[in-house]
Amino acid sequence: MMLASWQRIPLAEMRVQTAMAQSGTLRLPDAVSALSYSRVDPGFRMYLDRRYHKVVQLVDFLAAADIAGTAAVVEACEVFASGGSRQWLKVAGAEKAEIIDRCLDEMPRPEESVVAEFGAFVGYSAVRMAGGAGHVVSFESDAVHVLVARHLIFRARQTSEVLPGMAHDMIPRLAEDWGAGGLG
């Protein structure tokens, strides 16, 4: 387990923001990107804004409501997902969540087992499963989704993991990290 502390250092923050604003690969939120220069092509920026707009809205929704804890994160995601066509979010809620819960309840698990999820998206399922199944390791190929899922897990105050990578590359890692007895 890694222990860390955080504190805001204004000069360091400004250096990081400047470096990100000059980067051709990192997208800054509009409030931060008020720095006047950017090497990001406007067409690519529009693509990113269009591709991740719902994910950004979810993060903003959670931040505005100051959500913390497993039950609160799960409920907030479900409320957000039911907010209409512009907010619809592809999460395994309602009947699908009940099926996942039932399968996890019926599955015999050794004490040191792990639930593996392939495709974390925003982390809703990982948070929900960890609430009743213990440790969850999710794999996600999209870097933005990895960060958002980690954010949701942090807000839920859980220790589950979201790791970047493709399933076919990551399956061997499960046996290495958890041992063959932990995989079912």
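**A parallel sheet and the loop beside it**

In this predicted model, three strands come together as an open sheet, arranged in the order β1-β2-β3 with parallel pairing. The edges of the sheet are formed by β1 (115-118) and β3, each of which pairs on one side only. From one strand to the next, the twist averages 20°. Helix α6 packs on this sheet, where α6 touches β2 and β3. The direction of α6 makes about 170° with that of β3.

A closer look at β2 and β3 shows how the chain links these two strands. Strand β2 (residues 136-140) and strand β3 (residues 161-164) run parallel and are joined by 4 bridges. To find this pairing in the structure, a handy place to begin is Phe-139, which stands opposite Leu-163 in β3. Between the two strands, the chain passes through helix α6 (residues 143-155), giving a β-α-β crossover that is right-handed.

The loop between β2 and α6 is also worth a visit, and Asp-142 lies there. Is Asp-142 buried or exposed? Its relative accessibility is 8%, and because buried means under 20%, Asp-142 counts as buried. Leaving aside residues up to four places away in sequence, Asp-142 touches Arg-51 and Tyr-52. With Arg-51 there is also a polar contact: the side chains of Asp-142 and Arg-51 are joined at 2.8 Å. Thus the loop that leads from β2 to α6 holds a residue, Asp-142, that is buried and in contact with Arg-51 and Tyr-52.

Key
Residues are numbered from 1 along each chain as its sequence is written. This is a predicted model: local features need pLDDT of at least 70, side-chain atom pairs count only at pLDDT 80 or more; totals for chains, interfaces and linings use all residues. Side-chain values use heavy atoms; hydrogens and water are left out. Two strands pair if DSSP finds at least two bridges between them. A crossover is right-handed if, with the strands pointing away from the viewer, the path from the first strand over the helix to the second runs clockwise. Buried means under 20% relative accessible area, exposed over 50%, partly exposed in between (1.4 Å probe, protein chains only). A polar contact is a pair of N or O atoms within 3.5 Å; within protein, one must be able to donate a hydrogen and the other to accept it, and residues adjacent in sequence count only if both atoms are side-chain atoms. Contact means heavy atoms within 4.5 Å. Axes are lines fitted to C-alpha atoms, for helices over the stretch in contact, and angles run from 0 to 180 degrees between N-to-C directions.
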